[in-house]
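Visitor: I'd like to go through this one by asking what the labels rest on. Can you walk me through it?

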Amino acid sequence: MKTCLPGHPEKALPDVRRLPQTRYLRWGFTLLLLLTTGYFLDLTVLGRELVRFSLLALLAAMVVSVAQVVLSAWRWCYTARQLGLVLPMAVAVREYYLATFLNQVLPGGVLGDVNRAWRHSLDSGARLASAHAVMIERLSGQLVMIAVVLGLGGWLAWYRYGVLEALTEYGERALLLLAGLVAIVVLVASLWQRAKNYVHALRRDLRKALLEWPALGIQVVSSAGVVASYLAVFSLLALGAGYWTDPHMALVLTSLCSLLLLVMAIPVTVAGWGVREGAAALLWPMAGLPAEQGVALSVGYGLAVLLSSLPGVLFVFTRRQSNG
């Protein structure tokens with residue numbers, strides 16, 4: 001087995017000058033989306049919604065985010081072990097914190113994971129297996145998140161009073177949302193055409209770390225826990241702001257927030273900012289709720305995750321040091 005132990009003096013980050021120039025476009029696009037969303041909102045009402053979040057709720061959300069990092073790191077350890085790599089839990093937690101922080105501050109939301117795979121490969125000596133471990137671990141989470149979104153989103157669309165009627169009343173917004181979904185499908189199809197040969201090469205590792213039993217069950221359970229932690233952050237903020245008036249409303253808000261998680265996965269902005277808020281401004285009125293409430297929840301979520309990722313700053317400029 002390959003062992004991933006800290007012992008190389010490389011810096012945490014590859015040369016940022018090699019990052020694509022599109023990073024500037026993504027920063028600009030993020031700002032443009034935020035400004036556009038704000039233009040269509042009552043900023044006074046938005047400000048009132050933001051101050052409703054209690055400090056206790058924010059702290060609780062940050063604690064949940066810490067648990068989320070630990071569980072995600074454990075999932076990564078398990079995936080690596082299935083591929084013949086040994087990744088100590090302490091190292092995995094440290095590297096996951098670094099990756100989470102980088103995903104929050106660098107465009108695209110995936111460069112932290114690229115860096116995580118790169119650092120892992122330096123220690124393991126298995127470049128391809130290290131990359132596959134990160135890819136499969138992330139894929140596991142995305143598949144479970146899609147399943148959760150389909151379940152909660154389906155309930156919201158068919159059983160929540162007013163949503164179907166709102167599709168007519170908010171026709172323009174519905175068309176914008178539909179256009180966004182079509183764009184996602186086109187993007188995924190394009191990426192698949194480019195990557196299908198490589199995905200074919202991944203088949204063996206996918207079977208070992210994700211598709212075979214008991215790996216499939218372990219991946220589903222651990223990823224379900226991670227997705228639950230995402231929704232718990234939204235839920236704690238909503239509870240602290242007094243949005244949970246009854247269990248039915250709690251389910252409605254959870255369903256809406258699950259849709260935001262899916263939108264955030266589109267790697268076109270910085271950490272989902274702008275896309276998340278724009279989607280909230282479209283979705284909340286379709287459910288008969290104020291757009292400002294949804295945008296406030298989106299902003300609160302983004303801030304909670306950003307703050308909880310700050311321990312990763314400690315590892316940005318440090319050199320890897322041996323345990324021995």
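**What the labels rest on**

Guide: Let's start in the loop between helix 11 and helix 12, where A271 lies. Keep in mind that this is a predicted model.

Visitor: Why does A271 count as buried?

Guide: Its relative accessibility is 13%, and buried means under 20%, so A271 counts as buried.

Visitor: What else is there to say about the backbone at A271?

Guide: The phi of A271 is positive, about 55 degrees, although A271 is not a glycine. G125, which follows helix 5, also has a positive phi, near 75 degrees.

Visitor: How do you know that the span of helix 5 agrees with its number of residues?

Guide: Helix 5 covers residues 111–124, which is 14 residues. The rule is 1.5 Å times one less than the number of residues, so the helix should span 20 Å, and its end C-alpha atoms are indeed 20 Å apart.

Visitor: And what makes helix 5 largely enclosed by the rest of the structure?

Guide: That follows from the burial count: 10 of its 14 residues are buried, so the label fits. Among them are G112, D113, R116, H120 and D123.

Visitor: Why is V70 called partly exposed?

Guide: V70 sits in helix 3. The partly exposed class runs between 20% and 50%, and V70 comes in at 35% relative accessibility, so that is its class.

Visitor: Which residues make the nonpolar surface patch with V70?

Guide: V66, W74 and M89 join V70 there, and the patch has about 290 Å². Helix 3, residues 55–82, gives the most to it, with three residues.

Visitor: Which residues touch the most other members in the largest nonpolar core?

Guide: Of its 48 residues, those are Y243, L256, L261, W284, L297 and Y301. Helices 6, 10, 11, 12 and 13 each supply at least two residues of this core, and helix 11 has the largest share, 10 residues.

Visitor: What does L261 touch?

Guide: Leaving aside residues up to four places away in sequence, L261 touches M145, Y230, L231, F234 and Y301. There's also a second, separate core of 23 residues, including A80, V91, V134 and L206.

Visitor: One last thing: which two residues does the cis peptide bond join?

Guide: W213 and P214, with omega about 10 degrees. P214 is in the loop between helix 9 and helix 10.

Technical notes:
Residues are numbered from 1 along each chain as its sequence is written. This is a predicted model: local features need pLDDT of at least 70, side-chain atom pairs count only at pLDDT 80 or more; totals for chains, interfaces and linings use all residues. Side-chain values use heavy atoms; hydrogens and water are left out. Helices (H or I, at least four residues) and strands (E, at least two) are DSSP runs, numbered from the N terminus. Buried means under 20% relative accessible area, exposed over 50%, partly exposed in between (1.4 Å probe, protein chains only). A nonpolar core is a set of buried Ala, Val, Leu, Ile, Met, Phe, Trp, Tyr and Cys residues joined through side-chain atoms within 4.5 Å. Contact means heavy atoms within 4.5 Å. Patches are made of residues with over 30% relative accessible area and no salt bridge: like charges are joined within 9 Å, nonpolar side chains (Val, Leu, Ile, Met, Phe, Trp, Tyr) within 5 Å. Accessible areas come from the Shrake-Rupley method with a 1.4 Å probe; for residues, only the protein chains shown count as cover. A salt bridge is a side-chain nitrogen of Lys or Arg within 4 Å of a carboxyl oxygen of Asp or Glu.
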